[in-house]
Amino acid sequence: MRNLFLAAIPVLLTSTSAFAASDGATLYQQNCASCHGSNLEGQPNWKQRKPDGKLPAPPHDVSGHTWHHSDQQNFEITKLGIEALVSGYKSDMIGFGDKLSDDEIWAILDYIKSTWPEEIRARRKANGLERPEG
């Protein structure tokens, strides 16, 4: 799946947000927890397709795969939804670009990342998955 994510999407890679991780926690509970769990635990059996062929919502804690994706990829998934990024892929993950500002999306992602162990954050940074601090 080359070019999985749209490179032409204009996004601010550095955070100039007035939102803090605590704001991200609130925004996460309001917009994401209903599918991804209040404690970032995801839906049960998230690796097994449902009868409709879609995968359940994955966890955003360290047991999931969110931390394997770059900040840019996670931003694009959240803003646009998976179906907008991967032709023919069916998912319940909608895009939140019409509901949340870019800063609000970054705040949610910063909150999620704040829950990961330092070892994971360091590995992501070493592998170029973290956006530059702004």
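This is a short chat about the fold, the surface and the cysteines of a predicted model.

Visitor: How many helices and strands are in the chain?
Guide: The chain has 6 helices and 0 strands. In sequence order, the pattern reads α-α-α-α-α-α.

Visitor: And what share of the residues counts as buried?
Guide: Buried residues make up 41% of the 134 in the chain.

Visitor: What about the surface, how much area does the chain expose?
Guide: About 7700 Å² is exposed, and 54% of that comes from carbon and sulfur atoms.

Visitor: Back to the fold. Of contacts between residues at least 6 apart in sequence, what percentage joins residues at least 24 apart?
Guide: That percentage is 56% for this chain.

Visitor: New topic. How many disulfides does the structure hold?
Guide: The count is 0.

Visitor: Why is C32 without a bond to another cysteine?
Guide: Because the closest cysteine sulfur, in C35, lies 8.7 Å from the sulfur of C32, which is too far for a bond. The cut-off for a disulfide is a sulfur pair within 2.5 Å.

Visitor: And C35, which cysteine sulfur is nearest to that one?
Guide: The sulfur of C32 is the nearest, at 8.7 Å, and C35 takes part in no disulfide.

Visitor: Is C32 buried or exposed?
Guide: C32 is buried, with a relative accessibility of 11%. The limit for buried is under 20%.

Visitor: What is the relative accessible area of C35, then?
Guide: C35 has 39%, so C35 counts as partly exposed. That class covers values between the 20% limit for buried and the 50% limit for exposed.

Key: Residues are numbered from 1 along each chain as its sequence is written. This is a predicted model: local features need pLDDT of at least 70, side-chain atom pairs count only at pLDDT 80 or more; totals for chains, interfaces and linings use all residues. Side-chain values use heavy atoms; hydrogens and water are left out. Buried means under 20% relative accessible area, exposed over 50%, partly exposed in between (1.4 Å probe, protein chains only). Helices (H or I, at least four residues) and strands (E, at least two) are DSSP runs, numbered from the N terminus. Contact means heavy atoms within 4.5 Å. Accessible areas come from the Shrake-Rupley method with a 1.4 Å probe; for residues, only the protein chains shown count as cover.
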